Amino acid sequence: MIRLILVLAAAATISASALNWDAAMDYSDCHGGNAIIVSAPGALKSRFRPGWSDRTPVNTASITKSITALAWLSSFPPSETITFRARQRPASAFLSQSSGLEPGRRLLYGRKADLEKNLQRLRWSTDSSFAYGPSHWEVIGSELLRHGRPVETFLTRIGIRPAAWSRDATDRPHHSAGAHLSASDLLCLGRLVADGGRRGWRRIIPADRLQAALSPSPANGAYGLGFWLNAAASSRSSEFDIEEALRAGSRPESWKNHCLSRLAPRDLVAMAGSGGQRVYIVPSRGLVVVRLGEGGAFRDPDFLRALFRETSRPLVRR
């Protein structure tokens, strides 16, 4: 049984009645949920499994990719040229995972891998289709380190200090996975995006760069620059779960007309990590949802249907 830790609800610009908060939390509970926070202007709810709190750190897995993207955009535009292995590409090609560089999972996810050395072994192709994997993010990470702009510095600017960070054999941080953050930390990142790149009165990410990150890329209409998108949502679009699609090795043509949820707003975006780690953001509504879990067959369309459906029906616990 998950215990309710905090409930704070006040008059909000997004009506609390427009969201089935409890239904979404119940769905999370039934599918391996450990922590969930739902935040909208003037309203906040959270629920945690016993032994968990908003400060409990977790390996956020591939949410790290989105964090690396935000770190890049806080310092450089997507159009900035990156030269890697004698080839030049705009940063946007790496941020959208369509640079032509092979994904490099075997070489770069090895326990004792030397990331910089193994990056030099990756192959280029002329194919600019969406290719999900660590290589693009390790190139971006290398550029940030070369310019003296590590991701940790970006996080410090917005008040986040990672509990840990996965590193390679040379103590270099992984930039595609491995940031250990809490639900509270992820809520802070989600709020940065929901608030248009501002932290309070401070501009952290230029508005045009953030808008580019949250817009469909040519290679994948369901992916921007480090973020999964719901831009194709309509009554005619097909819903997909992020982790299922990646495991299935979805081909470029299969991403067309696909969305995370037909019921959710089209400007919903997601930072996603394996095991059902998610940060959903709807900038137009000031909504941020942080969900942490493990296993439990969690699916994006089902969770979002529970949150945004017009009428609540009891969920059967399994």
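Helix α1 has these buried residues: Trp21, Ala23, Ala24, Met25, Tyr27, Ser28, Asp29 and Cys30. That is eight of the 10 residues in the helix, which spans residues 21-30, so α1 is largely enclosed by the rest of the structure. What does the cover of these buried residues include? It includes the strands β2 (33-40), β3 (43-48) and β16 (287-293), along with helix α11 (300-308). After α1 comes glycine 32, with a positive phi near 80 degrees.

**How sure is the model?**

This is a predicted model. The protein chain has an average pLDDT of 89, and 90% of its residues score at least 70. Two stretches call for care. Residues 1-17 have a pLDDT below 50; in the model, this stretch makes 38 contacts beyond near neighbours in sequence. Residues 311-318 also have a pLDDT below 50, with 13 contacts beyond near neighbours in sequence.

**Cysteines**

How many disulfides does the structure hold? The count is zero. In general, a disulfide is a covalent bond between the sulfur atoms of two cysteines. Cysteine 30 is buried, because its relative accessibility is 11% and the cut-off for buried is under 20%. Cysteine 259 is buried too, at 0% relative accessibility.

**Two residues with positive phi**

Now look at the backbone. Alanine 61 is not a glycine, yet its phi is positive, at about 55 degrees. This alanine 61 sits in the loop between β4 (58-59) and α2 (63-75). Asparagine 257 is not a glycine either, and its phi is positive at about 60 degrees. Look for asparagine 257 in the loop between α10 (242-247) and β13 (258-259).

Are these two residues buried or exposed, wholly or partly? Alanine 61 is buried, because its relative accessible area of 11% is under 20%. Asparagine 257 is partly exposed, because its 41% falls between the cut-offs of 20% and 50%.

**The largest pocket and the largest cavity**

Next come the spaces in the model. The largest pocket holds about 450 Å³ of space. It is lined by 21 residues, and the closest to its centre are Ser62, Arg105, Tyr132, Leu246 and Arg247. Which elements each supply at least two residues of this lining? They are α10 and β14 (269-273). Helix α10 gives the most, with five residues.

There is one cavity of 30 Å³ or more. The largest cavity has a volume of about 40 Å³. Its lining is made of Ser62, Lys65, Ser66, Tyr132, Tyr223, Gly226, Trp228, Ala270, Met271 and Ala272. Two or more of these residues come from each of α2 and β14. Strand β14 has the largest share, with three residues.

Ser62 appears in the lining of the pocket and in the lining of the cavity. Tyr132 likewise lines the pocket and the cavity.

The table sets out each space with its volume and the classes of its lining residues.

| Space | Volume | Nonpolar residues | Polar residues | Charged residues |
|---|---|---|---|---|
| Largest pocket | about 450 Å³ | 11 residues | six residues | four residues |
| Largest cavity | about 40 Å³ | six residues | three residues | one residue |

**Two buried residues in helices**

Alanine 91 belongs to helix α3 (residues 91-95). At 0% relative accessibility, alanine 91 is buried. Which residues does alanine 91 contact, leaving aside neighbours within four places in sequence? They are Trp72, Pro77, Pro78, Glu80, Ile82 and Ile140. Compare sequence and space: alanine 91 and glutamate 143 are 52 residues apart in sequence, and their C-alpha atoms are 9.8 Å apart.

Serine 184 belongs to helix α8 (residues 183-194). Serine 184 is buried, because its relative accessible area is 18% and the cut-off is under 20%. Not counting residues up to four places away in sequence, serine 184 touches Ile37, Asp54 and Arg55. Serine 184 and valine 151 are 33 residues apart in sequence, with 18 Å from C-alpha to C-alpha.

Terms used
Residues numbered from 1 in each chain as written. Predicted model: local features only at pLDDT ≥ 70, side-chain atom pairs only at ≥ 80, totals over all residues. Heavy atoms only, no water. Disulfide = S-S within 2.5 Å. Buried < 20%, exposed > 50% of the residue type's maximum accessible area, 1.4 Å probe, protein only. pLDDT = per-residue confidence, 0-100. Contact = heavy atoms within 4.5 Å. Helix = DSSP H or I, 4+ residues; strand = E, 2+ residues; numbered from the N terminus. 1 Å grid on protein atoms, 1.4 Å probe; cavity = no way out; pocket = protein on both sides within 12 Å on 5 of 7 lines; lining within 4 Å. Points joined across faces, edges and corners; volume = space filled by probe spheres on them. Nonpolar A, V, L, I, M, F, W, Y, C, P; charged D, E, K, R; others polar.
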